[in-house]
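Visitor: I am new to this one. Could you show me around?

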Amino acid sequence: MRPHRIASVLMLFAVCLFPLSSGAQTASGTIAGLVRDTSGAVIPGATVEASSPALIEKVRSVVSDSQGLYRIVDLRPGTYTVTFTLPGFAMFKRDGIELSAGFTAQVNIQLKVGGVEETITVSGASPIVEPAP
């Protein structure tokens, strides 16, 4: 084969593959949003978990960035539950998020300050008492 003919065949092959790869990208969805506290301040470092039977791994998790933003990408279409947690704040759960191919579900939430919880463990032994002779 001549070099220009090989280049033409390779170019045609690449053009045929491009629509297939771009179509595959739209087969997934995204859940994204902003995590704030009740005063409106952004919350960095919150753990955000998306769970669904549609996921092979069942749960996908990310952490909100310094501006309180999070983004969970490449999610299969299905129904999702999203859970937000951060020490010092009450857990927040949003059920029934329907995600379709190529759709970004915007889930913005406000975390409430949680109660301070402490666990105190007391251990000890009773003193040994020796009887008097």
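Visitor: In what order do the elements of the protein chain run from the N terminus on?
Guide: This is a predicted model, where local features need pLDDT of at least 70, side-chain atom pairs count only at pLDDT 80 or more, and totals for chains, interfaces and linings use all residues. Residues are numbered from 1 along each chain as its sequence is written, and side-chain values use heavy atoms, with hydrogens and water left out. Helices (H or I, at least four residues) and strands (E, at least two) are DSSP runs, numbered from the N terminus. The protein chain has one helix and eight strands, in the order α-β-β-β-β-β-β-β-β.

Visitor: Where does Ser-52 lie?
Guide: Look at strand E2 (47-51) and strand E3 (59-63). Ser-52 lies in the loop between E2 and E3.

Visitor: Is Ser-52 buried or exposed?
Guide: Buried means under 20% relative accessible area, exposed over 50%, partly exposed in between (1.4 Å probe, protein chains only). Ser-52 has 6%, so this residue is buried.

Visitor: Which residues is Ser-52 in contact with, leaving aside its neighbours within four places in sequence?
Guide: Contact means heavy atoms within 4.5 Å. With those neighbours left aside, Ser-52 touches Lys-58, Thr-79 and Tyr-80.

Visitor: What pLDDT does the protein chain average?
Guide: pLDDT is the predictor's confidence in each residue, from 0 to 100. At least 70 is scored by 66% of the residues. The average for the protein chain is 81.

Visitor: How many contacts does the stretch of residues 12-26 have beyond near neighbours in sequence?
Guide: Over residues 12-26 the pLDDT is below 50. Where pLDDT is low, the predicted coordinates should not be read in detail. In the model, the count of such contacts for this stretch is two.
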